[in-house]
Amino acid sequence: AWLQESPLPRAVPEAARRMAVYGPADDPLLCTAAAEWGRAVRAACGESPARLARDPGGAPSVPCVAMGLLSAMPRGLREAAQAALAGAPSDEAYAILPVDGQGVAVVSRTPAGVLYGVFHLIRRLRLGEPLHEPCVSSPKNAWRMLDHWDNADGTIERGYAGKSLFYRGGQIDFDEGRVRDYARLLASVGVNAIAINNVNVHETETRFLTEAHLPGVARLADVFRPYGIRVFLSINFASPVDLGDLPTADPLDPRVEDWWRATADRIYRHIPDFGGFLVKADSEFRPGPFTYGRDHADGANMLARALAPHGGVVIWRAFVYNCLMDWRDRRADRARAAYDHFVPLDGRFLDNVLIQIKNGPMDFQVREPVSPLFGGLSATNVMLEFQITQEYTGQQRHVCYLAPMWKEVLDFDTHARGPGSTVAEIASGRLFGRPHGGVAGVANVGDDVNWTGHSLAQANLYAFGRLAWDPSLDPAGIAREWARLTYGDDPDVVRTVVGILMASWPAYEAYTAPLGVGWMVNPGHHDGPNPEGYEYSKWGTYHYADWRGVGVDRTMATGTGYTGQYHEPMRSLYEHLETCPDELLLFFHHVPYTHVLHSGKTVIQHIYDAHFDGVEAVAWMIEAWRRLQGRIDPVRFERVLARLEDQMQRAVEWRDVINTYFYRKCGIPDARGLHIYP
Ligand code: GCU
């Protein structure tokens, strides 16, 4: 992936070939940091860096890479680093400082910060950037987490890259080297937490809390620990009942509270730095507090009290909606659900609870507005949830670089506290002064040799980590960095890879469901076009296309009232046809096919054009990729080419099914005279 170990085509600076480590010799993260630097230099130039003898108090006598804890640095360096880190809010922040012209120091208040700083230095080494350029970097989000939807039987819910890295045959069973490499990848982009099992917790995984399975969980935690990554478990809210211990899982029953307290105590005996629980409750048939007439705050707080003495947190998902809806009821609206459920509970959650909110109000569609729960909650910790795995965005058979979408979400201004109340400010906890915050992503990896099935999907994992650390980064810049680290310096390769990545989300959006309407997929597996696949279903996912028009009226004036969940001015912006952005028009409004967009096109002509153009974009990607033959290794070249060619077939299928669907509805031909199958 992006930690390539090929020799570098340029000289490695002298100072990089020596290192000194300051801090406890047995600290596992400092050991990792030193080992990673050693490995990177060895790969780059064939020789391990010399480890300078520790000279407490004294600065290194020759230019080197000096890494270590602020408290342990020699005096001069310590003072410089202290000044540099003074304004950095996070203990995971690091400073990179020049030392006497040639040398460089990587300093942090914590071992994890040193590790992140060393990975930054490794990036510079691989990219040929000057190592000693001064910089300070502090993560914007305290929790930077990956959620694995892996099952004990080795399958992965919505996984498109093979089987689980963690489980085989109903057991925690893994290839330690592979998982360690995975931990290296994650730490190198700043990820510091991982939920190791599916939010839909089945029978075997319910038992992960028991003595029989905790040693296995602990072994996984042992692999992640030296990389600064804390392990979480997804739990089944009905565990006390399902494990046969109690007749109830009522969160207000003292026996249940005791049960969870004993369970937490047991987990922490095995894993002293256990992160906590991830909970999907009262959602899509998962058990939860509703069974007992209790609410989400009752449920989450009960678990939070069990974890609090150990420093653990509860990550409680806001993905709660009625999945038994009636399509005949035009007033019912799934998009409203999370806000309607959680806003009334604002302020009731304990300080070690975070509410994990999907980026949009529906479910990871290629285009959705931002969830109004961001800005709706102000006295509750929140966490933003992205889907890195491409469930609705091409299932890793289509290239779809998601960082530009994520960036739009992070930059979205909710106006909850006036201008500048962005999702990034809210998720981090900063806007409302919350004690916890963060960003989670549903993982896109499996045991495929290239981790992500589609090699280019690695860019999404990379970008997720980089944006979770620093939401101000530019997606194209991240793509460029990733492309160079992964494929090397050839400018044509880098330009092409970045061009394909940046064209990919717009292309996918263009040839699939139009203008924010979403959901025109096959039910169940969610792959491929099926315009009415969810139209009359109970899942609440409608577009209401008929012979006159299409779209969902979510206005306050005549629709479901969903627009009222936003703060002004967004509320009015979405409420009115004149101001609603084109790309979300059909999410908010039901309009005739002849409605004219801000772009000047009619809705129907936009649909046709987008679908033809989207396919053209894929044709361009294939042509561009083919020109790289011989310039990247044949294995990755051929595999990506095969995926792109497959994507072409699928894009054509999407184009024709969607265009024909709408043509048959409205009978309006394409203005350009392009062929639409009747
Ligand atoms: C989607 C997805 C499910 C998943 C759910 C969730 O609906 O299709 O597989 O369980 O999201 O986020 O809980």
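**A ligand, a barrel and an open sheet**

A polar atom in the side chain of E157 sits 2.5 Å from an oxygen atom of the ligand. This distance, like every value below, comes from a predicted model. E157 has company: 13 residues surround the ligand, and the closest are E157, K280, R317, K358 and E391. For R317, a polar side-chain atom is found 2.6 Å from an oxygen atom of the ligand. E284 takes part as well, with an N or O atom of its side chain 3.3 Å from a ligand oxygen. How much of the ligand's accessible area does the protein cover? On its own the ligand has 320 Å² of accessible area, and the protein covers 96% of that.

R317 also leads to another part of the model, since R317 is one of the residues in contact with F342. F342 belongs to helix α10, which spans residues 337–342. Is F342 buried or exposed? Its relative accessibility is 0%, so F342 counts as buried. Beyond its neighbours within four places in sequence, F342 is in contact with H296, W316, R317, A318, V320, F349, I355, L373 and L377. One of these, I355, is 13 residues away from F342 along the chain, and the C-alpha atoms of the two are separated by 8.9 Å.

The next element to look at is a barrel. Eight strands close into this barrel, following the order β7-β10-β11-β12-β13-β14-β15-β16, and their pairing is parallel. On average, and with direction ignored, neighbouring strands of this sheet are turned by 25° against each other.

Strand β7 offers a good place to see how the barrel is joined together. With β10 (residues 193–195), strand β7 (residues 143–147) shares three bridges, and the two strands run parallel. Which residues face each other here? M145 has A193 of β10 as its bridge partner, and D147 stands opposite A195 of β10. Strand β7 is also joined to β16 (residues 438–442), this time by five bridges and again in parallel. In this pairing, R144 has V439 of β16 as its bridge partner. As for cover, five of the five residues of β7 are buried. Both faces of the strand are covered: on one side lie W143, M145 and D147, on the other R144 and L146, and all of them are buried.

The model also has an open sheet. Six strands make up this sheet in the order β2-β1-β3-β5-β4-β6, and the pairing is mixed. Which strands stand at the edges? β2 (50–51) and β6 do, and each has a single partner strand, so one side of each is left without a neighbour in the sheet. Helix α1 (residues 28–45) packs on the sheet, where it touches β1 (18–22), β2 and β3. The direction of α1 makes about 175° with that of β1.

Within the open sheet, β4 (residues 94–99) is mostly covered, with five of its six residues buried. Six bridges join β4 to β5 (residues 103–108), and these two strands run antiparallel. Here L97 stands opposite A105 of β5. β4 and β5 form a hairpin with three residues between the strands, and in this hairpin D100 takes a positive phi near 50°. β4 also pairs with β6 (residues 135–137) in the antiparallel sense, over three bridges. In that pairing, the bridge partner of A95 is V136 of β6.

Strand β5 has a further pairing, with β3 (residues 65–69), in the parallel sense and over five bridges. A105 of β5 appears again in this pairing, where A66 stands opposite it. A105 thus faces L97 in one pairing and A66 in the other.

A last residue of interest is T541. Where in the chain does T541 lie? T541 is part of the loop between α16 (491–511) and β17 (549–550). With a relative accessible area of 1%, T541 is below the 20% limit and is therefore buried. Apart from neighbours within four places in sequence, the contacts of T541 are R334, M362, W519, Y534 and E535. Y534 also appears in a polar pair: its backbone oxygen lies 3.4 Å from a polar atom of the T541 side chain.

Notes:
Residues numbered from 1 in each chain as written. Predicted model: local features only at pLDDT ≥ 70, side-chain atom pairs only at ≥ 80, totals over all residues. Heavy atoms only, no water. Helix = DSSP H or I, 4+ residues; strand = E, 2+ residues; numbered from the N terminus. Buried < 20%, exposed > 50% of the residue type's maximum accessible area, 1.4 Å probe, protein only. Polar contact = N/O pair within 3.5 Å; in protein donor to acceptor, adjacent residues only side chain to side chain. Contact = heavy atoms within 4.5 Å. Pairing = 2+ DSSP bridges. Axes fitted to C-alpha atoms, helices over the stretch in contact; angles between N-to-C directions. Near = heavy atom within 4 Å. Areas by Shrake-Rupley, 256 points an atom, 1.4 Å probe, with all protein chains shown as cover.
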